[in-house]
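Subject: Structure handover

Hello,

The structure is below, with its sequence. My notes on it follow.

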Number of protein chains: 2
Amino acid sequence: MQTLSVALGERSYPIHIGAGLLDDARLYAPHVKGRRVAVVTNPVVAPLHLARVQRALEEAGARVLPVLVEDGEQAKGWAGLDRLIDALLAAQFGRDSLIAALGGGVVGDLAGFAAAVYQRGIPFIQLPTTLLAQVDSSVGGKTAINHARGKNMVGAFHQPLAVIADVASLDTLPARELRAGIAEVIKHGFILDLQFVGWLEANIDKLLARERAALEYAVRRSCELKAQVVAADERESGQRAILNFGHTFGHAIEAGVGYGEWLHGEAVGTGMVMAAELSARAGTLSRDDAARVKRLVARAGLPMQGPKLGVERYLELMQVDKKAAAGKVRFVLLDGLGKATLRGDLDEKLVRESIAAAVQ
Amino acid sequence: MQTLSVALGERSYPIHIGAGLLDDARLYAPHVKGRRVAVVTNPVVAPLHLARVQRALEEAGARVLPVLVEDGEQAKGWAGLDRLIDALLAAQFGRDSLIAALGGGVVGDLAGFAAAVYQRGIPFIQLPTTLLAQVDSSVGGKTAINHARGKNMVGAFHQPLAVIADVASLDTLPARELRAGIAEVIKHGFILDLQFVGWLEANIDKLLARERAALEYAVRRSCELKAQVVAADERESGQRAILNFGHTFGHAIEAGVGYGEWLHGEAVGTGMVMAAELSARAGTLSRDDAARVKRLVARAGLPMQGPKLGVERYLELMQVDKKAAAGKVRFVLLDGLGKATLRGDLDEKLVRESIAAAVQ
């Protein structure tokens, strides 16, 4: 087991990474002893992991209430949030209770947001069972639900007390979700660490084959890189926005086709293709390096082409993206491979061309 | 004009108190210059104050979007929150925009919670136009909406950038709402300041006659007292809970008759009668001082008798009150007049008797 710390002052928390950790009562005990704990999960994850998590939590001294939410992106809305909160109120959970989010990014975002607002905030722990959740949503405290007008439009920054990332839980992950998780892993390389890009180019096939040592390293390095950025800018007032590389385009894709059609990581994959193209056209990334970005996205088995929404629709969807400052869309560009920069002054023509280049 | 500061480190903010302040562009300018500002208000307040607030905000350099929400407690639910957020998204408000809550406690709670969660949090200012909002919800950053199972069950701590309390706006306040506001004013005396109780006993008729100097003093002293408590315990992990004197019973009344039937301050008035009775029965308050509490509640024109819900129903409703720690209801008792204490170990018999004594 490896343990990182996300350094956020009094909100600092540990991320434990290793195989079989979900069964380890000692990791839960400091946070749940004597408390009521709602384990929020869904009908896909529950048969795989709920019983053993419940056993370990009880061994650690918790009284457990399992709460099932819908599978998939549609769980992350007002209705899903209301049902979850209703379950907590019906069970008379007080402010001293705790939520454990067991599942992927959707469960983490929804359960984390419920924890942020239930009785004005109760603590939570993350038990991510997808690669995406282990490398992305487990670091940084972003929680949210979707609104008909845009993804993650309603949310809060709410840091967990701890994250327990059990890489053994990736054994049962569908291949499509594994690839979607790899999208965020390679993103961390592209924006922050050229050396990690090299490691990924050499090891991408091992990740796809789920070799445990490779997965452990990829999860650890991803979390480390993201944790550095988050520690410097917890509430995304500035530099943290570089983590949205590929996301402005990606959110437009997800919203344009309807949430849940594309996986978030798939949309980010194609979004990174568009963002690399935009970086090349804006002159901040060489054509060779843009090609390296696209090649790694392709080798990860992620989609290279966006849906045919029409360029105007893409632009419209990006306007409501919440990174738009005063109505102007800001883009994350690569400033060479392994480095990112925020740009709010781009010629719209370049944006149009970059979308068109990835939609055929 | 008088200005207090609520001392919360980097979240500190000023409360300006005086007559005619809503028209003063200089008070808005530091917070709104160059920003888009959504003025959230309702159909009752808008005709009285919206035009002049909009004028002053525009003079201060803001671009203003008025957003009307329903009047009354029913605005504070999922549907009202969704409509408000929808209006902000439709107008493409970004993270650099701001919400101004113009109205009473309902508008402040709803608009403040929307600000807390819109795109994971945007700033807001409070423009309270009721006495209740000026002395209570404007200090401390509590925001929330109601759930079918309980009042204020979904919310956040989100401090405003500033509060502008215009006592001239109380001229048009219905008498019933004025009295409801006085409930929180006298509560601050009961739990924190014996001298202020004496001042209130001497000046209650002036408050009811809306003498401006008396109102200004009452608002200032109330805010000062509450600000001291909040500064010491921002997130209500301990001592801040004394501000809930009368509220455990009060919330049960509000929920029992259906939100919106009783005004919050009216329910708190009767709740304080019950809590004073409980304090006397528990031996922490003399019978003479309990009588002083009841007399001042009566002189303020607040209801002295709770609705006939049946004692069992009161107890049931108090169980889900969010101050219940691990299923056990904690009560705020007076430990002599001008001092409060938290008690989680009370004999249920005393609680039953105290409710019954105020329900005939």
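Of the residues of chain B, B:Trp78 comes closest to the rotation axis, with its C-alpha at 3.7 Å. Please keep in mind that this is a predicted model.

Symmetry

A turn of 180 degrees, with a shift of 0.0 Å along the axis, lays chain B on chain A with an RMSD of 0.0 Å. That is the relation of a two-fold axis. Both copies use the same surface: 100% of the contact residues of chain B recur in chain A.

Contact between the chains

On each side the count is given by residues: 32 of chain B are in contact with 32 of chain A. Four elements of chain B each supply at least two residues of the side that touches chain A: helix H3 (78–90), helix H4 (105–117), strand S7 (142–147) and strand S8 (150–157). S8(B) provides the largest share of that side, six residues. By class, the side of chain B that touches chain A has 15 nonpolar, nine polar and eight charged residues.

Domains of chain A

The domain assignment splits chain A into domain 1 (2–171) and domain 2 (175–357). Taken over C-alpha atoms, the centres of these two domains of chain A are separated by 25 Å. In chain A, 30 residues of domain 1 are in contact with 32 residues of domain 2. On the domain 1 side of this contact, the elements of chain A that give two or more residues are strand S1 (2–6), strand S2 (13–18), helix H5 (131–137) and strand S8 (150–157). The largest share of that side, five residues, comes from H5(A). Its residues divide into 16 nonpolar, nine polar and five charged.

One residue in chain B

B:Leu263 sits in the loop between helix H9 (247–257) and helix H10 (264–282) of chain B. Is B:Leu263 buried or exposed? B:Leu263 is buried, because 25 other C-beta atoms lie within 10 Å, and the cut-off for buried is 20 or more. Leaving aside neighbours within four places in sequence, B:Leu263 is in contact with B:Arg176, B:Glu177 and B:Ala180. For the last of these, B:Ala180, the separation from B:Leu263 is 83 residues in sequence and 6.7 Å in space, C-alpha to C-alpha.

Regards

Key:
Residues are numbered from 1 along each chain as its sequence is written. Chains are lettered from A and ligands numbered from 1 in the order in which they are written. This is a predicted model: local features need pLDDT of at least 70, side-chain atom pairs count only at pLDDT 80 or more; totals for chains, interfaces and linings use all residues. Copies are superposed by least squares on the C-alpha atoms of residues with pLDDT of at least 70 in both. Two residues are in contact if their C-beta atoms, placed from the backbone, lie within 7 Å. A residue is buried if 20 or more other C-beta atoms lie within 10 Å of its own, exposed if 12 or fewer, and partly exposed in between; C-beta atoms are placed from the backbone. Ala, Val, Leu, Ile, Met, Phe, Trp, Tyr, Cys and Pro count as nonpolar, Asp, Glu, Lys and Arg as charged, and the others, Gly among them, as polar. Domain bounds come from an automatic or database domain assignment.
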